[in-house]
Amino acid sequence: MQMTFVKTPPPDAYRPRHRRTLHSEIARALRNRPGAWAKVSEHPTRATACSVASAIRCGNGNTGARAYRPAGAFEARYVTTEDGRHEVYARYIGTRAAKEAR
């Protein structure tokens, strides 16, 4: 290996692939439109999208998904699009107690 000395290292060109998802705002917006599906987030891998969808359905996890409590109040699905993007969709379906009251 040949070592090269430089005055300063070049700037870091790394940019995160996606912004953080503001789950509390998304959960609030979904609650305001019960039954309507919305794209919640996009992820670099299918496994991450699957994990986020699961956390939304369960209302737990360290992803901020606690905003979707109680468990079962939201449906969530993940899809891989034809162009290879991994997206998460969710909708508010209400709580079991609210459904039984109808």
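A residue is called buried here when its relative accessible area is under 20%, and His43, with a relative accessible area of 9%, is therefore buried. The model on screen is a predicted one, and the tour begins at this histidine before widening to the strands, the core and the helix that packs on them.

**Stop 1: His43 and Ser41**

Select His43, which is found in strand β1, and then add Ser41, which lies in that strand as well. Is Ser41 buried or exposed? Its relative accessible area is 7%, so Ser41 is buried. With both side chains displayed, look for the polar contact of 2.6 Å that joins those of Ser41 and His43. If you then show the surroundings of Ser41, leaving out residues up to four places away in sequence, you will find that Ser41 touches Thr21, Val52, His86, Glu87 and Val88.

**Stop 2: the whole chain**

Zoom out and colour by secondary structure, which comes to three helices and three strands. Followed along the sequence, these elements are arranged in the pattern α-β-α-β-β-α. The chain has 102 residues, of which buried residues make up 24%. Among the contacts in the chain with a separation of 6 or more, 55% are accounted for by residues 24 or more positions apart.

**Stop 3: the strands**

Select β3 (86-92) and show its backbone together with that of its partners. Five bridges join β1 to β3, and these two strands run antiparallel; β2 and β3 also run antiparallel, and seven bridges join them. Particular pairs can be picked out: Arg77 has Tyr89 as its bridge partner in β3, while Tyr78 has Val88. Turning to Lys39, you will see that this residue stands opposite Tyr89 in β3.

How many of the seven residues of β3 are buried? Five of them are, so β3 is largely enclosed by the rest of the structure. Before leaving the strands, move to the hairpin of β2 and β3, where five residues lie between the strands and Gly84 takes a positive phi near 90°.

**Stop 4: the nonpolar core**

Now select Leu30, Val40, Ile56, Tyr68, Phe74, Val88 and Ala90, which touch the most other members of the largest nonpolar core, a set of 16 residues. The elements that give two or more residues to this core are α1 (23-31), α2 (46-58), β2 (74-80) and β3 (86-92), and α2 gives the most, with five residues. As a general matter, nonpolar side chains in soluble globular proteins tend to be buried together.

Centre the view on Val88 and display its contacts. Not counting residues up to four places away in sequence, Val88 touches Ala38, Lys39, Val40, Ser41, His43, Ala49, Val52, Ala53, Ile56, Arg77 and Tyr78. Ser41 and His43 from the opening stop are thus included among the residues that Val88 touches.

**Stop 5: helix α2**

Select α2, which has 13 residues and reaches 18 Å from its first C-alpha to its last, close to the 18 Å expected at 1.5 Å a residue. Which residues of α2 are buried? They are Ala49, Val52, Ala53, Ala55 and Ile56. Look down the helix axis with these five coloured: they cover an arc of only 160° around the axis, which means that they are on the same side of α2. From there the buried residues of α2 pack against α1, β1, β2 and β3, and hiding and restoring those elements in turn is a convenient way to inspect the packing. Just beyond the helix, select Gly59, which follows α2 and has a positive phi, near 70°.

**Stop 6: Ala36**

Finish at Ala36, in the loop between α1 and β1 (38-43). With a relative accessible area of 24%, Ala36 is partly exposed, because that class covers values between the 20% limit for buried and the 50% limit for exposed. Leaving aside its neighbours within four places in sequence, Ala36 is in contact with Leu30, Ala90 and Arg91; Leu30 and Ala90 are among the core residues selected at the fourth stop. Finally, draw a distance from Ala36 to Tyr92: although 56 residues separate them in sequence, the two are 7.2 Å apart in space, C-alpha to C-alpha.

Definitions and conventions
Residues are numbered from 1 along each chain as its sequence is written. This is a predicted model: local features need pLDDT of at least 70, side-chain atom pairs count only at pLDDT 80 or more; totals for chains, interfaces and linings use all residues. Side-chain values use heavy atoms; hydrogens and water are left out. A nonpolar core is a set of buried Ala, Val, Leu, Ile, Met, Phe, Trp, Tyr and Cys residues joined through side-chain atoms within 4.5 Å. Buried means under 20% relative accessible area, exposed over 50%, partly exposed in between (1.4 Å probe, protein chains only). Helices (H or I, at least four residues) and strands (E, at least two) are DSSP runs, numbered from the N terminus. Contact means heavy atoms within 4.5 Å. Two strands pair if DSSP finds at least two bridges between them. The expected span of a helix is 1.5 Å times one less than its number of residues. The arc is that of the directions from the helix axis to the C-beta atoms. A polar contact is a pair of N or O atoms within 3.5 Å; within protein, one must be able to donate a hydrogen and the other to accept it, and residues adjacent in sequence count only if both atoms are side-chain atoms.
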